[in-house]
Structure formats: structure tokens, C-alpha cells
Amino acid sequence: MGSVKDLIILESPTKEKAGRGRFVFSDRYSVFDWGEMPDHIDNKGLALCIAAAYFFEKLQEKNISTHYLGLIEEDKVKKLSEIKKPLPILETKLFRVLHPNLSSNNKYEYDFYKQLKGNYLIPLEVIYRNSLTKESSAYKRLQNGSLHPADFGLTTIPENDIDLKQAYLDVSTKLEPTDRYITWEDAREIAGLSVEKADEIKKLALTINQIITQEVEKLGLKNEDGKFEFALDDKQNIVLVDVLGTLDECRFTFKGIPISKEIARLYYRKSHWYKDLSAAKGKDFQNWKKLVTIQPESLPVPLKNLISNIYCAFANEITGREWFKGIPELKELLQAIPEFI
């Protein structure tokens with residue numbers, strides 16, 4: 001079980017062969033690496049599943065390898081065009097998830113990845129950034145000096161949010177308790193990747209980013225940033241895994257107004273819980289959860305309902321089908337967000 005979706009294993013992966021499983025999308029959500037939040041967002045799981053299937057099938061049309069096999073209806077694997085109502089279950093190939101070891105000096109060791117032949121999750125998360133905003137972690141890293149303006153093709157730290165001329169690819173660890181930003185050189189080292197494989201991942205990430213951008217632009221949305229995960233199959237081919245293009249994986253905006261759980265993030269940033277959480281992360285990056293003394297409060301009901309409708313509207317409009325009846329248009333819904341954030 002994850003913080004937002006569950007996994008049913010039908011066939012476990014091995015060294016020689018990919019497995020098979022099912023993602024069951026829930027109405028749970030998570031922000032700031034906290035895990036399950038106190039509220040559930042109605043219909044969120046259904047809407048995410050539909051949007052994910054749509055983007056997976058877009059990639060398949062362009063011969064991009066993914067672990068997606070189809071949606072599950074009446075225990076049968078089907079294409080999005082074959083189902084009649086929104087469903088919460090995707091069937092996928094499964095790859096081994098091999099966690100790094102925590103050494104005696106409190107560092108994670110990845111040396112065994114260099115010996116692996118295939119059928120495993122690459123222990124990295126690839127983040128694309130099409131813009132630089134003051135709310136983003138990248139902007140904070142610019143301010144503390146761990147990133148530099150030249151990394152983004154800039155000469156100075158921008159005073160306002162800006163669109164980047166070229167997408168910037170960030171990379172972080174994936175299988176540690178808290179994701180840790182690292183350099184691409186370190187990423188190659190811990191994942192046991194050749195320069196060629198790392199470059200292939202970057203090229204693929206930029207291509208998928210472009211596909212998502214083109215799709216959401218049809219709705220008048222801007223693709224600010226998002227994340228991808230990849231695996232290596234038994235033939236050392238790179239395969240996109242997990243989920244893409246949804247309101248949980250990407251940060252979309254409409255005329256500067258955020259869409260998706262970013263709305264909840266902005267709401268909670270004003271809370272005492274977030275201040276406590278941030279202080280805890282500053283004290284102990286690995287065991288910070290034990291230091292948080294305040295629990296997150298529930299969302300106001302009107303905001304929770306608004307977020308639910310936004311997920312549903314996005315699924316309706318990106319696919320061009322009315323899966324959820326009686327939902328206002330996305331642009332209309334977004335106009336109500338500023339009063340909460």
C-alpha cells in the first residue's frame with residue numbers, strides 16, 4: 001500500500017522476468033512526504049486512473065515503452081475506449097524494487113545496483129521543470145546555493161516566476177525515506193547506469209514532458225513541472241513506470257492558478273503543522289516524522305469538494321468524455337481557488 005494507491009501483486013517479478021500487478025487508485029492524498037492526509041477526496045482515485053490510462057495510451061501510440069497493460073473491468077484487461085464508466089484499477093508489468101542498505105555511518109549504499117542485469121526499478125525520480133516559481137524546491141535551492149542560475153540558463157536568480165527557455169531535468173533518490181536531490185553524476189553512480197543509459201533517460205523524459213505539455217495546452221493549461229519513474233526490463237530497455245500526466249504527478253496551472261493537490265499544499269503552507277514539519281526536516285532529514293508534534297487538520301469541506309470537482313473535470317476534459325456527470329468546466333472551478341489560498 002502506498003500513500004495514494006494500493007498494489008495487488010498477481011505475479012511477482014524475478015531476475016529474469018517482469019511480474020504483473022494492479023494499481024488500485026484510492027481517494028487518499030499526500031503532501032510534503034507526510035503520507036496519508038486526514039481527508040479523502042471523493043472520486044479522486046477514479047479520475048486519476050482515467051487520466052493515467054489516457055496518457056499511457058498516448059505514449060504507446062508513439063512507441064514509448066511503459067509498464068501499462070490496460071484498465072480492469074469485470075476482471076478483464078481493456079483499453080480506455082472499451083470501458084463505459086470510470087474505473088479505479090490499472091494492470092501493469094511489475095519490476096523488482098530493491099532498496100538500498102543503510103550503512104553504519106548512516107549513508108545509503110547502492111553498490112549492488114552495478115551488478116544487476118535488468119527487471120528492476122531504477123532508484124531515481126526524474127523531475128522536469130518548464131518554469132521556475134518561488135514556491136518550487138528548485139527556487140529554494142537557488143537561494144541556498146545548492147543550485148546556480150547557470151544551471152537554468154540564467155545569469156541571476158529571477159525576482160519573479162519565469163518560464164524556462166529549455167526544460168530543466170532534476171533528479172532525486174526514490175527509495176530513501178525522504179527524496180534527496182542529487183547530481184546526475186551521483187544518480188548514474190548509485191543506479192549503476194552508463195552515460196548512454198542516463199542520456200537516454202533524459203531524452204525520454206524531455207519527450208514525455210513535451211507530449212504532456214501539448215495535451216494540457218488544449219485545455220488552456222500550463223505544464224509547470226512533474227515527475228517520472230523508470231525501470232530496466234530484462235533486455236535493459238528503459239520502461240516508464242508508476243503513473244504520468246495526472247494531477248498528482250504534474251503541476252499544472254491556469255493563468256497562474258494551481259490545479260491538483262498543489263491547492264492543498266498551498267493551503268497547508270499557512271498551517272502550524274507545516275511550520276512544525278519544516279522545522280523537523282531541518283533538524284533530522286531522515287527521521288523528521290518522529291519530531292513532528294502537530295497533526296495536520298482537515299481541509300475545509302468547500303475546499304475538499306472543490307478539489308474533488310477539479311480532478312473530475314480534468315479527467316472529463318483531457319479525454320474528451322464525460323465520465324463524471326454534472327461537473328462544471330475546469331476553468332469555472334479554478335476561479336474559486338484564490339479565496340482559499
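Strand β3 (residues 68-73) and strand β5 (residues 89-94) are paired antiparallel through 3 bridges. Strands here, like helices, are DSSP runs numbered from the N terminus, with at least two residues (E) for a strand and at least four (H or I) for a helix. Two strands count as paired if DSSP finds at least two bridges between them. Within this pair, G70 stands opposite E91 in β5.

This is a predicted model, in which local features need pLDDT of at least 70 and side-chain atom pairs count only at pLDDT 80 or more, while totals for chains, interfaces and linings use all residues. Residues are numbered from 1 along each chain as its sequence is written, and side-chain values use heavy atoms, with hydrogens and water left out.

**The five-stranded sheet**

β3 and β5 belong to an open sheet of 5 strands in the order β1-β2-β5-β3-β4, with antiparallel pairing. β1 (5-11) and β4 (76-78) are the edge strands; each has a single partner strand, so one side of each lacks a neighbour in the sheet. From one strand to the next the twist averages 35°. Helix α1 packs on the sheet and touches β2 (19-25), β3 and β5, and its direction makes about 140° with that of β3. Such angles run from 0 to 180 degrees between N-to-C directions, the axes being lines fitted to C-alpha atoms, for helices over the stretch in contact. Contact means heavy atoms within 4.5 Å.

**Strand β13 and its partners**

Strand β13 (residues 250-254) is mostly covered, with 5 of its 5 residues buried. Buried means under 20% relative accessible area, exposed means over 50%, and partly exposed lies in between (1.4 Å probe, protein chains only). In a regular strand the side chains alternate between the two faces of the sheet. In β13, C250, F252 and F254 point one way, R251 and T253 point the other way, and all are buried.

β13 runs antiparallel to strand β11 (residues 222-232), to which it is joined by 4 bridges. D225 stands opposite R251 in β13. With strand β14 (residues 257-258), β13 pairs in the antiparallel sense over 2 bridges, and F254 has I257 in β14 as its bridge partner. β13 and β14 form a hairpin with 2 residues between them, and K255 in the turn has a positive phi of about 50°.

**Nonpolar cores**

A nonpolar core is a set of buried Ala, Val, Leu, Ile, Met, Phe, Trp, Tyr and Cys residues joined through side-chain atoms within 4.5 Å. The largest has 98 residues, and F230 and F314 have the most contacts inside it. Helix α1 (residues 44-61) gives the most to this core, with 11 residues. Leaving aside residues up to four places away in sequence, F314 touches A51, F55, V216, L219, L221, G245, L247, F252 and L330. A second, separate core has 8 residues, including L132, Y139, L142 and L164.

**T246**

T246 is found in the loop between β12 (238-241) and β13. Its relative accessibility is 0%, so T246 counts as buried. Not counting residues up to four places away in sequence, T246 touches L48, A51, A52 and F252. The side chain of T246 also makes a polar contact with the side chain of E249 (2.5 Å). A polar contact is a pair of N or O atoms within 3.5 Å; within protein, one must be able to donate a hydrogen and the other to accept it, and residues adjacent in sequence count only if both atoms are side-chain atoms. The C-alpha atoms of T246 and E332 are 20 Å apart, with the two residues 86 residues apart along the chain.

**Cysteines**

With a disulfide taken as a pair of cysteine sulfur atoms within 2.5 Å, the count is 0 disulfides. The sulfur of C250 is too far for a bond, because the closest cysteine sulfur, in C49, is 16 Å away. C250 counts as buried at 4% relative accessibility. C312 is in no disulfide either, the nearest cysteine sulfur being that of C49 at 13 Å. C312 counts as buried at 1% relative accessibility.

**Positive phi in two loop asparagines**

Both residues in the table have a positive phi in a residue other than glycine.

| Residue | Phi | Loop | Relative accessibility |
|---|---|---|---|
| N43 | near 70° | between β2 and α1 | 33%, partly exposed |
| N106 | near 65° | between β6 (101-102) and β7 (108-109) | 42%, partly exposed |
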